[in-house]
Amino acid sequence: MSNLLTNVHRSSPVGAYEASKSCSTKEEFVKIRKRDLERLTTEVMQIKEFLPRILNGELVETLQKLEVAESSLEKKEKELNELRLDCEHLKARLETALGDGQREKEEKLAFRQQLSEARQQLLQQADYCTQMGAAVCTLLWSVSSKEETVKTILAGNKAVKFFTVTGQTIESFVKSLDGDVKLQQDLDSDESQFVLALAGIITNIAAVACGREFLVNSCQVLLDTMMQLLGEMKHGVCTKLKVLMLMSLYNVSINLKGLKYISESPGFIILLWWLLEDTDTEVCHYVLRLLQSVILEPEVFSKMILEIRDTVPVHRIVQLSKNRNPDLRCVAQELLEDLRSLDTET
(Lines give C-alpha, C1' and ligand atoms only; values in the text may rest on other atoms or scores of the structure.)
Protein backbone atom coordinates (compact mmCIF):
# COMPACT_ATOMS: atom_id res chain seq x y z
CA MET A 1 0.00 0.00 0.00
CA SER A 2 2.87 2.31 0.84
CA ASN A 3 4.30 1.73 -2.66
CA LEU A 4 1.13 3.03 -4.37
CA LEU A 5 0.89 6.29 -2.48
CA THR A 6 3.02 9.40 -2.66
CA ASN A 7 3.54 12.26 -0.29
CA VAL A 8 2.39 10.12 2.67
CA HIS A 9 4.14 10.74 5.98
CA ARG A 10 5.53 7.60 7.57
CA SER A 11 5.14 8.44 11.28
CA SER A 12 3.09 7.66 14.26
CA PRO A 13 -0.60 8.35 14.28
CA VAL A 14 0.13 11.40 16.34
CA GLY A 15 2.70 12.52 13.81
CA ALA A 16 0.32 11.84 10.95
CA TYR A 17 -2.33 13.81 12.69
CA GLU A 18 0.05 16.71 13.29
CA ALA A 19 1.23 16.60 9.72
CA SER A 20 -2.30 16.50 8.42
CA LYS A 21 -3.21 19.35 10.66
CA SER A 22 -0.18 21.32 9.51
CA CYS A 23 -1.05 20.72 5.80
CA SER A 24 -4.61 21.75 6.28
CA THR A 25 -3.40 25.04 7.52
CA LYS A 26 -0.76 25.62 4.78
CA GLU A 27 -1.59 23.79 1.53
CA GLU A 28 -3.62 20.92 0.21
CA PHE A 29 -2.34 17.61 -1.15
CA VAL A 30 -3.96 15.29 -3.67
CA LYS A 31 -3.47 11.63 -3.52
CA ILE A 32 -2.93 9.92 -6.87
CA ARG A 33 -1.65 6.61 -7.93
CA LYS A 34 2.00 6.35 -8.78
CA ARG A 35 1.14 4.70 -12.05
CA ASP A 36 -1.05 7.64 -13.02
CA LEU A 37 1.72 10.03 -12.04
CA GLU A 38 4.20 8.17 -14.17
CA ARG A 39 1.78 8.13 -17.07
CA LEU A 40 1.15 11.86 -16.68
CA THR A 41 4.86 12.49 -16.47
CA THR A 42 5.43 10.44 -19.62
CA GLU A 43 2.75 12.31 -21.49
CA VAL A 44 4.17 15.65 -20.39
CA MET A 45 7.60 14.64 -21.57
CA GLN A 46 6.18 13.47 -24.88
CA ILE A 47 4.33 16.74 -25.29
CA LYS A 48 7.52 18.66 -24.51
CA GLU A 49 9.36 16.58 -27.05
CA PHE A 50 6.87 16.56 -29.91
CA LEU A 51 5.01 19.87 -29.50
CA PRO A 52 7.90 22.07 -30.70
CA ARG A 53 8.29 19.87 -33.73
CA ILE A 54 4.64 20.29 -34.64
CA LEU A 55 4.18 23.93 -33.84
CA ASN A 56 7.64 25.41 -34.32
CA GLY A 57 7.37 26.42 -38.06
CA GLU A 58 3.89 27.82 -37.81
CA LEU A 59 4.68 29.52 -34.53
CA VAL A 60 7.82 31.16 -35.87
CA GLU A 61 6.00 32.26 -39.00
CA THR A 62 3.15 33.51 -36.87
CA LEU A 63 5.55 35.35 -34.59
CA GLN A 64 7.28 36.90 -37.58
CA LYS A 65 3.96 37.98 -39.00
CA LEU A 66 3.05 39.30 -35.60
CA GLU A 67 6.26 41.33 -35.47
CA VAL A 68 5.64 42.63 -38.97
CA ALA A 69 2.06 43.41 -38.06
CA GLU A 70 3.15 45.16 -34.89
CA SER A 71 5.78 47.14 -36.86
CA SER A 72 3.21 48.02 -39.52
CA LEU A 73 0.72 48.92 -36.84
CA GLU A 74 3.24 51.24 -35.19
CA LYS A 75 4.00 52.78 -38.58
CA LYS A 76 0.30 53.18 -39.34
CA GLU A 77 -0.29 54.69 -35.94
CA LYS A 78 2.57 57.10 -36.55
CA GLU A 79 1.20 57.97 -39.99
CA LEU A 80 -2.27 58.29 -38.55
CA ASN A 81 -0.95 60.62 -35.89
CA GLU A 82 0.83 62.68 -38.56
CA LEU A 83 -2.32 62.75 -40.66
CA ARG A 84 -4.28 63.80 -37.63
CA LEU A 85 -1.83 66.64 -37.06
CA ASP A 86 -1.97 67.58 -40.75
CA CYS A 87 -5.75 67.47 -40.61
CA GLU A 88 -5.80 69.76 -37.61
CA HIS A 89 -3.34 72.07 -39.39
CA LEU A 90 -5.43 72.09 -42.57
CA LYS A 91 -8.56 72.60 -40.55
CA ALA A 92 -6.96 75.62 -38.91
CA ARG A 93 -5.88 76.93 -42.31
CA LEU A 94 -9.36 76.28 -43.71
CA GLU A 95 -10.93 78.25 -40.90
CA THR A 96 -8.45 81.05 -41.54
CA ALA A 97 -9.16 80.93 -45.30
CA LEU A 98 -12.91 80.94 -44.69
CA GLY A 99 -12.48 83.94 -42.44
CA ASP A 100 -10.34 85.70 -45.05
CA GLY A 101 -12.84 84.77 -47.76
CA GLN A 102 -15.70 86.19 -45.75
CA ARG A 103 -13.77 89.39 -45.16
CA GLU A 104 -12.86 89.64 -48.84
CA LYS A 105 -16.48 89.02 -49.77
CA GLU A 106 -17.58 91.81 -47.47
CA GLU A 107 -14.85 94.07 -48.84
CA LYS A 108 -15.88 93.20 -52.41
CA LEU A 109 -19.48 94.04 -51.64
CA ALA A 110 -18.33 97.31 -50.12
CA PHE A 111 -16.19 98.06 -53.20
CA ARG A 112 -19.11 97.26 -55.48
CA GLN A 113 -21.26 99.64 -53.55
CA GLN A 114 -18.58 102.32 -53.78
CA LEU A 115 -18.13 101.62 -57.50
CA SER A 116 -21.87 101.87 -58.05
CA GLU A 117 -21.96 105.15 -56.18
CA ALA A 118 -18.92 106.41 -58.12
CA ARG A 119 -20.54 105.46 -61.42
CA GLN A 120 -23.72 107.22 -60.42
CA GLN A 121 -21.74 110.31 -59.48
CA LEU A 122 -19.81 110.08 -62.74
CA LEU A 123 -23.03 109.86 -64.73
CA GLN A 124 -24.41 112.83 -62.85
CA GLN A 125 -21.21 114.78 -63.50
CA ALA A 126 -21.25 113.74 -67.17
CA ASP A 127 -24.87 114.85 -67.49
CA TYR A 128 -24.03 118.12 -65.79
CA CYS A 129 -21.00 118.69 -68.02
CA THR A 130 -23.04 117.83 -71.11
CA GLN A 131 -25.80 120.21 -70.09
CA MET A 132 -23.30 122.93 -69.26
CA GLY A 133 -21.36 122.31 -72.49
CA ALA A 134 -24.56 122.39 -74.53
CA ALA A 135 -25.64 125.65 -72.91
CA VAL A 136 -22.24 127.35 -73.18
CA CYS A 137 -21.56 126.19 -76.75
CA THR A 138 -25.05 127.18 -77.86
CA LEU A 139 -24.38 130.68 -76.52
CA LEU A 140 -20.95 130.71 -78.18
CA TRP A 141 -22.53 129.52 -81.42
CA SER A 142 -24.89 132.47 -81.28
CA VAL A 143 -22.27 135.13 -80.51
CA SER A 144 -19.75 133.69 -83.00
CA SER A 145 -21.99 134.87 -85.83
CA LYS A 146 -20.34 138.27 -85.38
CA GLU A 147 -16.96 138.88 -86.99
CA GLU A 148 -15.60 140.78 -84.00
CA THR A 149 -16.40 137.86 -81.73
CA VAL A 150 -14.59 135.45 -84.07
CA LYS A 151 -11.52 137.68 -84.04
CA THR A 152 -11.62 137.76 -80.25
CA ILE A 153 -11.90 133.97 -80.05
CA LEU A 154 -8.98 133.41 -82.43
CA ALA A 155 -6.85 135.98 -80.62
CA GLY A 156 -6.77 133.82 -77.49
CA ASN A 157 -4.12 131.18 -76.87
CA LYS A 158 -6.67 128.37 -76.44
CA ALA A 159 -8.20 128.47 -79.93
CA VAL A 160 -6.16 125.56 -81.35
CA LYS A 161 -6.84 123.48 -78.27
CA PHE A 162 -10.55 124.25 -78.54
CA PHE A 163 -10.73 123.07 -82.15
CA THR A 164 -8.73 119.95 -81.35
CA VAL A 165 -11.15 119.00 -78.56
CA THR A 166 -14.06 119.93 -80.81
CA GLY A 167 -12.91 117.51 -83.50
CA GLN A 168 -12.43 114.72 -80.94
CA THR A 169 -15.87 115.36 -79.43
CA ILE A 170 -17.67 115.28 -82.77
CA GLU A 171 -15.78 112.14 -83.79
CA SER A 172 -16.67 110.39 -80.54
CA PHE A 173 -20.32 111.32 -81.00
CA VAL A 174 -20.46 110.03 -84.60
CA LYS A 175 -18.69 106.77 -83.65
CA SER A 176 -21.34 106.17 -81.00
CA LEU A 177 -24.13 106.36 -83.57
CA ASP A 178 -23.32 103.02 -85.19
CA GLY A 179 -24.66 100.86 -82.37
CA ASP A 180 -27.02 103.27 -80.64
CA VAL A 181 -30.28 103.66 -82.52
CA LYS A 182 -31.84 105.55 -79.63
CA LEU A 183 -29.10 108.16 -79.82
CA GLN A 184 -29.77 108.62 -83.52
CA GLN A 185 -33.42 109.28 -82.83
CA ASP A 186 -32.91 111.52 -79.81
CA LEU A 187 -31.64 114.57 -81.70
CA ASP A 188 -32.92 116.95 -79.05
CA SER A 189 -30.75 115.52 -76.27
CA ASP A 190 -28.15 117.66 -74.51
CA GLU A 191 -25.40 115.61 -76.11
CA SER A 192 -26.75 116.17 -79.61
CA GLN A 193 -27.24 119.86 -78.92
CA PHE A 194 -23.69 120.07 -77.57
CA VAL A 195 -22.22 118.53 -80.73
CA LEU A 196 -24.40 120.60 -83.05
CA ALA A 197 -23.34 123.77 -81.24
CA LEU A 198 -19.66 122.83 -81.67
CA ALA A 199 -20.20 122.24 -85.39
CA GLY A 200 -22.11 125.53 -85.62
CA ILE A 201 -19.21 127.41 -84.03
CA ILE A 202 -16.83 125.98 -86.65
CA THR A 203 -19.26 127.00 -89.38
CA ASN A 204 -19.47 130.57 -88.10
CA ILE A 205 -15.71 130.87 -87.73
CA ALA A 206 -15.19 129.49 -91.26
CA ALA A 207 -17.62 132.13 -92.53
CA VAL A 208 -15.13 134.87 -91.61
CA ALA A 209 -11.99 135.45 -93.70
CA CYS A 210 -9.63 135.35 -90.72
CA GLY A 211 -11.41 132.26 -89.44
CA ARG A 212 -10.93 130.41 -92.74
CA GLU A 213 -7.28 131.34 -92.74
CA PHE A 214 -6.90 130.11 -89.15
CA LEU A 215 -8.61 126.77 -89.83
CA VAL A 216 -6.51 126.10 -92.94
CA ASN A 217 -3.22 126.97 -91.29
CA SER A 218 -3.72 125.63 -87.75
CA CYS A 219 -6.62 123.16 -87.77
CA GLN A 220 -6.05 120.83 -90.69
CA VAL A 221 -6.67 117.81 -88.47
CA LEU A 222 -10.15 119.15 -87.77
CA LEU A 223 -10.85 119.49 -91.50
CA ASP A 224 -9.62 115.93 -92.09
CA THR A 225 -11.81 114.65 -89.26
CA MET A 226 -14.92 116.30 -90.68
CA MET A 227 -14.36 114.82 -94.14
CA GLN A 228 -13.70 111.41 -92.66
CA LEU A 229 -16.87 111.50 -90.55
CA LEU A 230 -18.98 112.66 -93.48
CA GLY A 231 -17.91 109.51 -95.30
CA GLU A 232 -18.74 107.27 -92.34
CA MET A 233 -22.21 108.60 -91.51
CA LYS A 234 -25.11 106.74 -93.10
CA HIS A 235 -27.66 108.48 -95.29
CA GLY A 236 -30.48 110.06 -93.33
CA VAL A 237 -28.57 110.04 -90.02
CA CYS A 238 -27.90 113.30 -88.14
CA THR A 239 -28.55 115.45 -91.17
CA LYS A 240 -28.23 118.67 -89.14
CA LEU A 241 -24.69 117.74 -88.18
CA LYS A 242 -23.88 116.80 -91.78
CA VAL A 243 -25.20 120.12 -93.05
CA LEU A 244 -23.15 122.10 -90.53
CA MET A 245 -19.95 120.23 -91.41
CA LEU A 246 -20.60 120.69 -95.14
CA MET A 247 -21.25 124.39 -94.57
CA SER A 248 -17.93 124.61 -92.73
CA LEU A 249 -16.09 122.91 -95.59
CA TYR A 250 -17.85 125.13 -98.13
CA ASN A 251 -16.87 128.24 -96.17
CA VAL A 252 -13.28 127.02 -96.00
CA SER A 253 -13.35 126.38 -99.77
CA ILE A 254 -13.87 130.11 -100.34
CA ASN A 255 -10.23 130.44 -99.31
CA LEU A 256 -8.03 129.27 -102.22
CA LYS A 257 -5.57 127.58 -99.90
CA GLY A 258 -8.45 125.94 -98.09
CA LEU A 259 -10.01 124.73 -101.34
CA LYS A 260 -6.70 123.25 -102.46
CA TYR A 261 -6.28 121.43 -99.16
CA ILE A 262 -9.82 120.03 -99.16
CA SER A 263 -9.79 118.99 -102.82
CA GLU A 264 -6.43 117.23 -102.44
CA SER A 265 -7.81 115.05 -99.65
CA PRO A 266 -7.82 111.36 -100.75
CA GLY A 267 -11.25 110.29 -101.99
CA PHE A 268 -12.67 113.81 -101.95
CA ILE A 269 -14.66 113.46 -105.21
CA ILE A 270 -15.90 110.00 -104.21
CA LEU A 271 -17.05 111.52 -100.92
CA LEU A 272 -19.06 114.17 -102.77
CA TRP A 273 -20.79 111.58 -104.96
CA TRP A 274 -21.57 109.50 -101.84
CA LEU A 275 -23.09 112.49 -100.05
CA LEU A 276 -25.04 113.47 -103.14
CA GLU A 277 -27.10 110.28 -102.70
CA ASP A 278 -28.36 111.45 -99.30
CA THR A 279 -32.12 111.88 -98.93
CA ASP A 280 -31.84 115.25 -97.21
CA THR A 281 -32.13 118.24 -99.52
CA GLU A 282 -29.85 120.50 -97.46
CA VAL A 283 -27.07 117.92 -97.50
CA CYS A 284 -27.32 117.68 -101.29
CA HIS A 285 -27.49 121.47 -101.55
CA TYR A 286 -24.16 122.03 -99.80
CA VAL A 287 -22.52 119.13 -101.62
CA LEU A 288 -23.35 120.86 -104.91
CA ARG A 289 -22.14 124.20 -103.54
CA LEU A 290 -18.85 122.58 -102.55
CA LEU A 291 -18.55 121.01 -106.00
CA GLN A 292 -19.20 124.43 -107.55
CA SER A 293 -16.27 125.85 -105.62
CA VAL A 294 -14.04 123.22 -107.18
CA ILE A 295 -15.34 123.70 -110.73
CA LEU A 296 -15.22 127.50 -110.64
CA GLU A 297 -11.59 127.61 -109.53
CA PRO A 298 -9.51 126.91 -112.66
CA GLU A 299 -6.31 126.13 -110.80
CA VAL A 300 -8.02 123.44 -108.73
CA PHE A 301 -10.39 122.15 -111.40
CA SER A 302 -7.60 121.62 -113.92
CA LYS A 303 -6.10 118.99 -111.63
CA MET A 304 -9.41 117.18 -111.12
CA ILE A 305 -11.16 117.59 -114.45
CA LEU A 306 -10.58 114.04 -115.64
CA GLU A 307 -11.74 112.47 -112.38
CA ILE A 308 -14.86 114.65 -112.27
CA ARG A 309 -15.82 114.03 -115.91
CA ASP A 310 -15.33 110.29 -115.57
CA THR A 311 -17.28 109.91 -112.35
CA VAL A 312 -19.77 112.77 -112.12
CA PRO A 313 -23.32 111.40 -111.53
CA VAL A 314 -25.04 113.68 -114.05
CA HIS A 315 -28.32 111.80 -113.72
CA ARG A 316 -28.41 112.58 -110.00
CA ILE A 317 -27.70 116.26 -110.60
CA VAL A 318 -30.44 116.36 -113.24
CA GLN A 319 -32.79 114.74 -110.76
CA LEU A 320 -31.91 117.36 -108.12
CA SER A 321 -32.42 120.17 -110.65
CA LYS A 322 -36.11 119.23 -110.64
CA ASN A 323 -36.44 119.10 -106.86
CA ARG A 324 -39.19 121.05 -105.11
CA ASN A 325 -36.67 122.83 -102.92
CA PRO A 326 -35.94 126.10 -104.78
CA ASP A 327 -32.40 126.55 -103.40
CA LEU A 328 -31.40 122.99 -104.26
CA ARG A 329 -33.06 123.20 -107.67
CA CYS A 330 -31.30 126.45 -108.46
CA VAL A 331 -27.78 125.33 -107.49
CA ALA A 332 -28.25 122.04 -109.36
CA GLN A 333 -29.26 123.89 -112.53
CA GLU A 334 -26.30 126.25 -112.17
CA LEU A 335 -23.94 123.29 -111.77
CA LEU A 336 -25.31 121.62 -114.89
CA GLU A 337 -24.75 124.84 -116.87
CA ASP A 338 -21.19 125.08 -115.51
CA LEU A 339 -20.49 121.50 -116.57
CA ARG A 340 -21.92 122.13 -120.07
CA SER A 341 -19.90 125.32 -120.50
CA LEU A 342 -16.76 123.48 -119.51
CA ASP A 343 -17.50 120.76 -122.02
CA THR A 344 -18.00 123.42 -124.69
CA GLU A 345 -14.72 125.11 -123.86
CA THR A 346 -12.80 121.89 -124.03
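This is a short walk through the structure, one selection at a time.

**Whole chain**

Start with everything shown as a cartoon, and keep in mind that you're looking at a predicted model. Colour by secondary structure and you'll get 15 helices and 0 strands. Switch on the surface: the protein exposes about 23100 Å², with carbon and sulfur atoms supplying 55% of that. Of the 346 residues, 31% are buried. If you like contact maps, take the contacts with a separation of 6 or more: 71% of them join residues 24 or more positions apart.

**The nonpolar core**

Next, hide the surface and look inside. In soluble globular proteins, nonpolar side chains tend to be buried together. Here the largest nonpolar core has 72 residues. Which of its members touch the most others? Select Phe163, Ile170, Leu215, Leu241, Phe268, Leu288 and Ile317 to see them.

Zoom in on Leu241 from that set. Ignoring neighbours within four places in sequence, Leu241 is in contact with Ile170, Phe173, Val174, Val195, Leu196, Ala199 and Met233.

**The phenylalanine cluster**

Now go to Phe163, and add Phe162 and Phe214 as sticks. These three form one aromatic cluster. A search of the whole structure turns up 2 aromatic pairs. For Phe162 and Phe163, the ring centres are 5.4 Å apart and the planes sit at 70 degrees; that angle is over 60, so the pair is edge-to-face. Phe163 and Phe214 also pair up, with 5.9 Å centre to centre and 50 degrees between the planes, which makes for a tilted arrangement.

What does the Phe163 and Phe214 pair tie together? Phe163 is in helix 4 (residues 159-177) and Phe214 is in helix 7 (residues 209-218), so the pair links parts that are 51 residues apart in sequence.

Are these rings buried or exposed? Phe163 has 1% relative accessibility and counts as buried. Phe214 is buried too, at 15%. Phe162 comes out at 24%, so it counts as partly exposed, the cut-off for buried being under 20%.

**Thr225**

Select Thr225, which you'll find in helix 8 (residues 220-232). Thr225 is buried, with a relative accessible area of 11%. Show what surrounds the residue: not counting residues up to four places away in sequence, Thr225 touches Gly167 and Glu171.

**Asp278 and the way into helix 12**

Move on to the loop between helix 11 (268-275) and helix 12, and pick Asp278. Asp278 counts as buried, with 0% relative accessibility. What is around Asp278? Beyond its neighbours within four places in sequence, Asp278 is in contact with Lys234, His235, Gly236, Thr239, Lys242, Val283, Cys284 and Arg316.

Now step along to Asp280, which caps the N-terminal end of helix 12. Put a distance label from the Asp280 side chain to the backbone nitrogen of Glu282: a side-chain oxygen lies 3.1 Å from that nitrogen.

**Helix 12**

Last stop: select residues 281-295, the 15 residues of helix 12. From first C-alpha to last, helix 12 reaches 21 Å, close to the 21 Å expected at 1.5 Å a residue. The helix is mostly covered, with 12 of its 15 residues buried. Among the buried residues are Val283 and Cys284, both of which you met as contacts of Asp278. Leu288 is another one of them, and you saw Leu288 earlier in the core set. The buried residues also include His285, Gln292 and Ser293.

How values were computed: Residues are numbered from 1 along each chain as its sequence is written. This is a predicted model: local features need pLDDT of at least 70, side-chain atom pairs count only at pLDDT 80 or more; totals for chains, interfaces and linings use all residues. Side-chain values use heavy atoms; hydrogens and water are left out. A nonpolar core is a set of buried Ala, Val, Leu, Ile, Met, Phe, Trp, Tyr and Cys residues joined through side-chain atoms within 4.5 Å. Buried means under 20% relative accessible area, exposed over 50%, partly exposed in between (1.4 Å probe, protein chains only). Contact means heavy atoms within 4.5 Å. Helices (H or I, at least four residues) and strands (E, at least two) are DSSP runs, numbered from the N terminus. Accessible areas come from the Shrake-Rupley method with a 1.4 Å probe; for residues, only the protein chains shown count as cover. The expected span of a helix is 1.5 Å times one less than its number of residues. A polar contact is a pair of N or O atoms within 3.5 Å; within protein, one must be able to donate a hydrogen and the other to accept it, and residues adjacent in sequence count only if both atoms are side-chain atoms. Rings of Phe, Tyr and Trp (its six-membered ring) pair if their centres lie within 6.5 Å; planes under 30 degrees apart count as stacked, over 60 as edge-to-face and the rest as tilted.
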